[in-house]
Each structure stands twice: as C-alpha cells, then as structure tokens.
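Okay, thanks everyone. I'll keep this short and walk through a few spots, so have a look at the screen.

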Amino acid sequence: MPDGSGQDPIEQAVRQVLGSLAGDMTSVEASLLAELEALGREVQRAKSEMAALRVDDINDSHIPRATDELDAVVEHTAKATNEILDVCEGLEAMQSRLSSAEAENLGIAVTRIYEACSFQDITGQRISKVVSALKAIEQRVAEVTARFAPGGPMPAVEDELPITPVTEGRALANGPQMPGAASSQEEIDRLLASFD
C-alpha cells in the first residue's frame, strides 16, 4: 500500500537496502537483495490477482446469495419435516381402528419415519457450519480488501470474532461428523466397555 510518498513500502525497503550498500556487495547482501526483489514481485503479483478477483462481488453478491440459499434449504427442509411428522401423528391416531397386527405394523412404520426424520436436524447442523464458514471467509476477504485498498488506512488486526455465538455446549460439540470420520458403533461399544 503506497504511503504519502507514493511509493510501495516494499519498493521503499528495497531502495533503502540499495542505498545502504556501499562498494561491492557481499554474497549475503546480494542474496538478501535478490530475496527482497523476489518478495516485491510476489507481493505485486498477489495484489494483481486480488484485483482480478473482483472481491466486491464476492462480499456483496456471491457469499450473501450462497448463505441465503442455504438458509432457504434449512427452512424448506424444516417445513417438509414438520408436515411429515403431522401425517405420522394422523397415522398413529388411526391405529386404534385397525386390527392388532395391522396396528403393530403401522406403529413400526411410523417409528421408522420418525427416526428417518432426524435427517433434518443433522442437515441443519451441517448447513449451519457451512454458513458460519462462508461468513468467516466473507469477513477475511473484507479485511484483506481493506488492507490493500488504495489510500485506505491499514486496519488493526483484531482477534477473530465468532460469527455465531459459541455456547458452552456448542464449544464441546464436534458433530455431526462426516460418515468416514465418525466412530463406528463397535468403537463406541468398546469405549463404553472399557469403563467397566
């Protein structure tokens, strides 16, 4: 970021090193100079790439749209799940009018539907994690954009604030896990047996 002199700080640092060199350069000085030049080129390249990213579009459009879509998925899934549960309650009310064998089969089927509807809670937790990650990315992109804004002030680096308030229970919870990373029922049984 240029300062009041119009020079990039990296360029200024290279010029100061060059100005401090008198006479022939030692191999260490030459190596240092080469590293500084390479660093300056890398910073310039990174700034060009960031400018090409159109980060304003990311912050103003892409991430908010993605989080809105995910929020809509959670809302529609919750509505559909509630409707399924309402229908199950209606089926349970019909059990008393059926023979005992039919009522038992219906009860088993309704129980399976209740168990299957737990997907809504799991998917809601997973989507909430994705939304939090997207908001964290949005915050980071905004910080980086502000740092490299032409003529903008260099913001102080602040500790990362959680997007979603972290309760004690949330801090302890790690789930839902990805299927490949989750502990198997056998592993859980072994763990519980080890407490005996």
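Quick bit of vocabulary before I start: when I say two residues are in contact, I mean they have heavy atoms within 4.5 Å of each other. And keep in mind that this is a predicted model.

So, contacts. Let's take T67, which sits in helix α3, residues 55-94. Which residues does T67 touch, leaving aside its neighbours within four places in sequence? Those would be V131, L134 and K135. As for cover, the relative accessible area of T67 is 7%, and buried means under 20%, so T67 counts as buried.

Next up, helix α4. That one runs over residues 100-116, so 17 residues. From the first C-alpha to the last, α4 reaches 24 Å, close to the 24 Å expected at 1.5 Å a residue. Now, which residues of α4 are buried? We've got A103, L106, G107 and V110. Those four cover an arc of only 105° around the axis, so they end up on the same side of α4. Flip over to the other side of the helix, and E104, N105, R112 and E115 are exposed.

Last stop, the surface. There's a nonpolar patch there formed by I188, L191, L192 and F195. Together, these residues have about 420 Å² of accessible area. One of them, F195, is found in the segment after α7, with α7 itself being 185-194. Is F195 buried or exposed? The cut-off for exposed is over 50% relative accessible area, and F195 comes in at 63%, so exposed it is.

That's me done, happy to rotate the view if anyone wants.

Definitions and conventions: Residues are numbered from 1 along each chain as its sequence is written. This is a predicted model: local features need pLDDT of at least 70, side-chain atom pairs count only at pLDDT 80 or more; totals for chains, interfaces and linings use all residues. Side-chain values use heavy atoms; hydrogens and water are left out. Patches are made of residues with over 30% relative accessible area and no salt bridge: like charges are joined within 9 Å, nonpolar side chains (Val, Leu, Ile, Met, Phe, Trp, Tyr) within 5 Å. Accessible areas come from the Shrake-Rupley method with a 1.4 Å probe; for residues, only the protein chains shown count as cover. A salt bridge is a side-chain nitrogen of Lys or Arg within 4 Å of a carboxyl oxygen of Asp or Glu. Helices (H or I, at least four residues) and strands (E, at least two) are DSSP runs, numbered from the N terminus. Buried means under 20% relative accessible area, exposed over 50%, partly exposed in between (1.4 Å probe, protein chains only). The expected span of a helix is 1.5 Å times one less than its number of residues. The arc is that of the directions from the helix axis to the C-beta atoms.
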